[in-house]
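This report describes the overall form of a single protein chain and some of its local features. The sequence and structure are shown first.

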Amino acid sequence: MKKFRFSMETVLHYREQLLDALRIEHAAALARVREQEAKVDALQNEFETVNQEYRRRKCEGMTIADAFGFDVMLRAQEREIQKAQQVLDNYRKDEEAKRNEVIAAKTDKATIEKLKEKKLELYRKSVQKSEEQFIDEFVSTARVMAKASSY
C-alpha cells in the first residue's frame, strides 16, 4: 500500500510558520510593554523624590520662587507620567491584540493537526484491513493448496 501523505501538509507548515512569526511579534510587544512599565515606574519614582524634597523644604521654609519652581517641575513631571502612561496603555492594547492573534493561530494549527491525526488513523486502519485481507487470502490459498495436494 502507498505511503501516508497528508494533503494539507503545506497548509500545516504555513500555519506553523505563521504561529512562530506571531509568537515573535507578541514577544516583542510584551518587551515594549515591560520597557514602558519600567519608564513609568522610573518617572513616578522621580516624581516622588522631587515631591518629598518639596515637602521637606516646605517644612523648613522656602521662598515663593522656590515653591513656584517646585510646582512647575511637579506639574511637568505629572504630564510626562500621563504621556508615558498613555503610551503604555497603547502598548498593552497592541500586546493583547498580538496575544489574541497567537491564540487564533494556535487554534488554526491545532485544528489542522487534529485533522491530520484523524486521516493518519484512517490510513492505519485501512492498512491493517488490507493486511488482514492479504493474510486471509494467503491462509485460504494455503488451505486449498493443502487439500489439493492431499488428493
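The account below moves from the whole chain to its helices and then to individual residues.

The model is predicted. In secondary structure, the protein chain comes to 2 helices and 0 strands. Its radius of gyration is 36 Å, well over the 15 Å that the globule rule gives for 151 residues, so the chain is more spread out than a compact globule. The C-alpha trace spans about 130 × 25 × 15 Å along its principal axes. Further values for the whole chain are tabulated here.

| Property of the protein chain | Value |
|---|---|
| Share of the 151 residues that are buried | 17% |
| Exposed area | about 11,800 Å² |
| Share of the exposed area supplied by carbon and sulfur atoms | 55% |
| Distance between the mean positions of the 30 positive and 28 negative charges | 7 Å |

As for contacts between residues at least 6 apart in sequence, 85% join residues at least 24 apart.

Helix α1 covers residues 9–60. At 1.5 Å a residue, its 52 residues should span 76 Å, and the end C-alpha atoms are 76 Å apart, so the expected and modelled spans agree. Just after α1, Gly-61 adopts a positive phi of about 105°.

Helix α2 comprises residues 64–150 and contains Thr-141. With a relative accessible area of 46%, Thr-141 is partly exposed, a class that lies between the limits of 20% and 50%. Thr-141 and Met-62 are 79 residues apart along the chain, and 113 Å separates their C-alpha atoms.

Technical notes. Residues are numbered from 1 along each chain as its sequence is written. This is a predicted model: local features need pLDDT of at least 70, side-chain atom pairs count only at pLDDT 80 or more; totals for chains, interfaces and linings use all residues. Side-chain values use heavy atoms; hydrogens and water are left out. Helices (H or I, at least four residues) and strands (E, at least two) are DSSP runs, numbered from the N terminus. The radius of gyration is taken over C-alpha atoms; the globule rule is 2.2 Å times the number of residues to the power 0.38. Buried means under 20% relative accessible area, exposed over 50%, partly exposed in between (1.4 Å probe, protein chains only). Contact means heavy atoms within 4.5 Å. Accessible areas come from the Shrake-Rupley method with a 1.4 Å probe; for residues, only the protein chains shown count as cover. Lys and Arg count as positive and Asp and Glu as negative; His and the chain ends are not counted. The place of a charge is taken as NZ of Lys, CZ of Arg, CG of Asp or CD of Glu. The expected span of a helix is 1.5 Å times one less than its number of residues.
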